[in-house]
Amino acid sequence: PDWYIWSCEKIQYMFPKAHAAAYVMMSWRIAYCKIFYPQAYYAAYFSIMGNGFSYETMGQGIDKLRYTMAEYKKKGDNISSREAEQYRDMRIAEEMYARGIEMLPIDIYKSKGTAFSIEDGKLRPCFTAIDGLGESVGKQIEEEAKKGRFLSKEDFRNRCKVGKSTCELLEN
């Protein structure tokens with residue numbers, strides 16, 4: 001538009017204003033999605049930004065989540081950086097639960113390796129949401145599950161190329 005061309009001619013250095021405008025537009029889009037597509041927002045948030053997400057704490061319901069949050073608050077300034085990161089994600093999970101969005105359990109055949117998914121309006125955590133499971137293991141489990149059912153725990157370990165400790169994490 002003409003006003004844009006005019007402003008480009010008038011303003012010598014536009015980066016800060018253009019950058020600020022881009023941030024505002026991005027914030028607007030995020031807020032829109034959070035309000036009108038909440039399941040997609042939380043799935044994307046936990047998949048991309050949820051470095052502190054712990055299925056053991058946040059995926060077991062609001063009561064366990066609030067208990068853990070209270071424990072972290074008691075620590076005050078003695079909280080570690082990892083715990084601070086987890087606390088940030090706990091607050092997002094608490095908000096999600098308050099909005100009536102439920103979390104499904106992790107499922108060997110339905111969960112994805114590294115991304116949360118939406119099923120029937122509920123969130124299904126990915127394998128990497130389990131503390132101690134890395135990206136490569138999560139992707140490997142997802143790929144092997146696509147090939148068919150596992151016959152036993154031993155078959156799971158052999159096909160996914162995981163150790164006993166990984167099997168125990170999934171079992172728990």
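Here is a short chat about the pockets and the core of this predicted model.

Residues are numbered from 1 along each chain as its sequence is written. In this predicted model local features need pLDDT of at least 70 and side-chain atom pairs pLDDT 80 or more, while totals for chains, interfaces and linings use all residues, and side-chain values use heavy atoms, without hydrogens and water.

Visitor: Which helix gives the most to the lining of the largest pocket?

Guide: A pocket is an open set of points on a 1 Å grid over the protein atoms alone, where a 1.4 Å probe fits, with protein on both sides within 12 Å along at least five of seven lines; lining residues have an atom within 4 Å of a point. Helices are DSSP runs (H or I, at least four residues), numbered from the N terminus. H4 (55-58), H8 (153-160) and H9 (164-171) each supply at least two lining residues. The top giver, with 4 residues, is H9.

Visitor: How many residues does H6 give to the largest nonpolar core?

Guide: Such a core joins buried (under 20% relative accessible area, 1.4 Å probe, protein chains only) Ala, Val, Leu, Ile, Met, Phe, Trp, Tyr and Cys residues through side-chain atoms within 4.5 Å. This one has 34 residues, and Phe 53 is among those touching the most other members. The largest share comes from H6, with 6 residues.

Visitor: Which phenylalanines does Phe 53 touch, not counting residues up to four places away in sequence?

Guide: Contact means heavy atoms within 4.5 Å. The partners of Phe 53 include Met 58, Ala 129 and Asp 131. The phenylalanines are Phe 46 and Phe 116.

Key: Buried < 20%, exposed > 50% of the residue type's maximum accessible area, 1.4 Å probe, protein only.
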